[in-house]
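Trainee: I would like to understand how the words used for a structure follow from the values behind them. Could we go through some of them together?

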Amino acid sequence: MAASISGYTFSSVCYHSANSNSDHEGFLLGEVRHEETVSISDTQISSSELLQVVEVHNHEPCAQLFSFYDYAGQVNEESLNRILKDRRKNVIGWYRFRRNTQQQMSFREQIIHKQLTQLLGVPDLVFLLFSFISTANNSTHALEYVLFRPNRSRYNQRVTLSIPNLGNTSQQEYKVSSVPNTSLNYAKVIKEHGAEFFDKDGVMKDIRTIFQVYGALQDKVQSVCGEVEQSERVKEKVQEEVNKLKQQIVLRKRKTTDEERRLQEAQNPELRLTPEENTEPPETALLSRVAFHTPSTPERPGPSANPPAYSDLLSLQNDSLLPFSSSPTSAALLPRPQAVGSPGHPSPSPLGLGLSAGPNPAPSPGQEDDDEEEDDEDSSEYENLVSEVGQLPPVSAIVLLQGRPAALSPDGDASVRGSQT
Amino acid sequence: MAVSAVHLESDAFLVCMNHALSTEKEEVMGLCIGEVNILLSKSPGLFTQVDTNRIVHIHSVIILRGSDKRKDRVEISPEQLSSAATEADYRLADMTGRPMRVVGWYHSHPHITVWPSHVDVRTQAMYQMMDQGFVGLIFSCFIEDKNTKTGRVLYTCFQSVQAQKGSEYERIEIPIHVVPHEAIGKVCLESAVELPRILCQEEQDTYRKIHSLTHLDPITKIHNGSVFTKNLCSQMSAVSGSLLQWLEDCLEQNRKSIIELQLEKERLTQELATM
């Protein structure tokens, strides 16, 4: 089995993953072809091999996790149809992007995969796993990807995923000199009959034609690009409006709870509570809410717990640029500790973590690393969803990437990340 | 003043990835456009110390033509740098409303380790002579571990410093973070669609030189013309075609997202009204 994905689709998945504040998942759309290769060997005059080729044409990102399944891994067909709509028939697999995890399917992913195989009616549904790791100082990052076909036997589950590209530009194929030939007949024949290929200016007709094709294609690319640009701006605008509304709702809710509490305190003076964070101005209250938000149940933060957008945080920095406030600026230095097993909310570290963004930060205790080895795979998602501000990057990542040659040995991986499939 | 960190907007990151994955046979390169933010912070302690942190913020990239077709060398010609600087000044500044400039360069390492070679480090040192804050990014792609069938794409950020002994340079690692940017910026989209144009331009220039050779017989001319046609076809299917498909998919995804966002907006408006 061979598989391929276009570079643009691959980059698009990376882009959506980079934008998500947690794990990211979606569906792979494309087709499966069967290619027959005929070969001749000493023992057989012709032996044909049927090669299954999985071609990923594009992807359908899910806006959030748990959008078509619940915490028990039960897939909801209705939600699935809502996400896929008429693209359902083109689904050939699905993908998941995780940070700092092992290169194997989690238990939940396996049970979801089984259900998807049945519901979508694709017997050889594939699963593409992206895992993202970084060095401790965040200067080097690696995105690893493996394509699984879990419905096959245990031993042949991984498939090489190739990215077709331009390859050889073959400019060396131009000939700068002709093969020497003194035959007059040769010169005469090729001149006479070869003239068909050229127009009156001596330019090859084919070249003009292919150039026209190229021109038309490029024009189309430009025009669709223009449409995409417009749609991106519209999407941005509506997203902004939605975010504003969410913020307003949060503020309104907090106001009402404040009023209710004040009313209660007024009625029962002996039950007076100590002043809480909500007496602070809204932005810092929101920031500290994000920092301390570690719910006991793995609940995805609802719209009310909307973390501040990166741009908001940075504008907060620019406003308070010269006054030497340490906690906001360190947040701006590390806007996306995403590679560190956190959900990637810009953690403002009012705890004064003092994480340095300089070229040689202090190495961190690899406490996270041991937990990950033993934990149930399910919890890795919660770790990535929920903010735990005290998290520091695993030391193993340094071992993984510093000075490592491009070709890896399985042992190297295994020693760092535990068991491999 | 060394660079403390690099923030790369995710849409610029997207363009870099597109470019790096466009060919596995040679190194591609481009320039990073953005701005430098200097943040002052007070370090805690008895004696107040002001830390100056220089953050390089990359908003977009410009795809460049390879000036040296040799596989292991990437150098940007002064003309390319100059015209990119001009473009950054006028076009990009207009769009973002803030002055932008060339803040770094990136190139790809297909099938090679992500670490910069000696040539890369020396090239980077040269750029740093004209701009201390100039940063270098490298994208390593088309790496595969045959045993585990794991593919890998890596990226790193570095600058150069003079080595302690001798006159050689060595690299220093600069933290780099990909910063989320929910929509793809206009500048990034325009940079992305430049790639087929640049490839075609390169092919045309090469062919023009060949075509000007008058001593070639018709068969050789036909051969060369066919090579041009073949190469252009290859570019159209591998690059332009895939690019067009991706753009159409983006459009479709955006249409759906906009509808869903409109619905959510209505729902939230109603919720707010009832509060």
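Mentor: What follows is a set of questions about helices, strands and burial in this predicted model.

Trainee: Why are α1(B) and α4(B) called roughly parallel?

Mentor: The axes of helix α1 (residues 10-20) of chain B and helix α4 (residues 186-211) of chain B cross at roughly 5° and come within 9 Å. Angles under 35 degrees count as roughly parallel, and therefore α1(B) and α4(B) are given that description.

Trainee: Which residues make the contact between these two helices?

Mentor: On the side of α1(B) they are Asp11(B), Ala12(B), Val15(B) and His19(B), while α4(B) contributes Cys188(B), Ser191(B), Ala192(B) and Leu195(B). Sorted by class, the contact of α1(B) with α4(B) has 5 nonpolar, 2 polar and 1 charged residues.

Trainee: What makes α1(A) and α5(B) oblique to each other?

Mentor: Here helix α1 (residues 7-19) of chain A and helix α5 (residues 218-274) of chain B have axes that come within 9 Å and cross at roughly 40°. Parallel needs an angle under 35 degrees, and perpendicular needs 65 to 115. The crossing angle of roughly 40° fits neither range, and α1(A) and α5(B) are therefore oblique.

Trainee: Which residues meet there?

Mentor: Tyr8(A), Ser12(A) and His16(A) in α1(A) meet Val239(B), Ser242(B), Leu243(B), Trp246(B) and Gln253(B) in α5(B). In the contact of α1(A) with α5(B), 4 residues are nonpolar, 4 are polar and none is charged.

Trainee: How do you know that strand β1 (residues 2-5) of chain A and strand β3 (residues 47-61) of chain A pair?

Mentor: Pairing asks for at least two bridges between the strands, and β1(A) and β3(A) have 4 bridges, in the parallel sense. The test is therefore passed, and as one detail Ala2(A) stands opposite Val53(A) in β3(A).

Trainee: In which sense does strand β2 (residues 24-39) of chain A pair with β3(A), and over how many bridges?

Mentor: β2(A) and β3(A) pair in the antiparallel sense over 14 bridges, and Phe27(A) stands opposite Glu60(A) in β3(A).

Trainee: What makes a residue buried, and what share of chain A is buried?

Mentor: A residue counts as buried under 20% relative accessible area, and buried residues make up 48% of the 421 residues in chain A. The accessible surface of chain A comes to about 21,400 Å², and carbon and sulfur atoms account for 53% of that surface.

Notes. Residues numbered from 1 in each chain as written. Chains lettered and ligands numbered in written order. Predicted model: local features only at pLDDT ≥ 70, side-chain atom pairs only at ≥ 80, totals over all residues. Heavy atoms only, no water. Axes fitted to C-alpha atoms, helices over the stretch in contact; angles between N-to-C directions. Parallel < 35°, antiparallel > 145°, perpendicular 65-115°, else oblique. Contact = heavy atoms within 4.5 Å. Nonpolar A, V, L, I, M, F, W, Y, C, P; charged D, E, K, R; others polar. Buried < 20%, exposed > 50% of the residue type's maximum accessible area, 1.4 Å probe, protein only. Areas by Shrake-Rupley, 256 points an atom, 1.4 Å probe, with all protein chains shown as cover.
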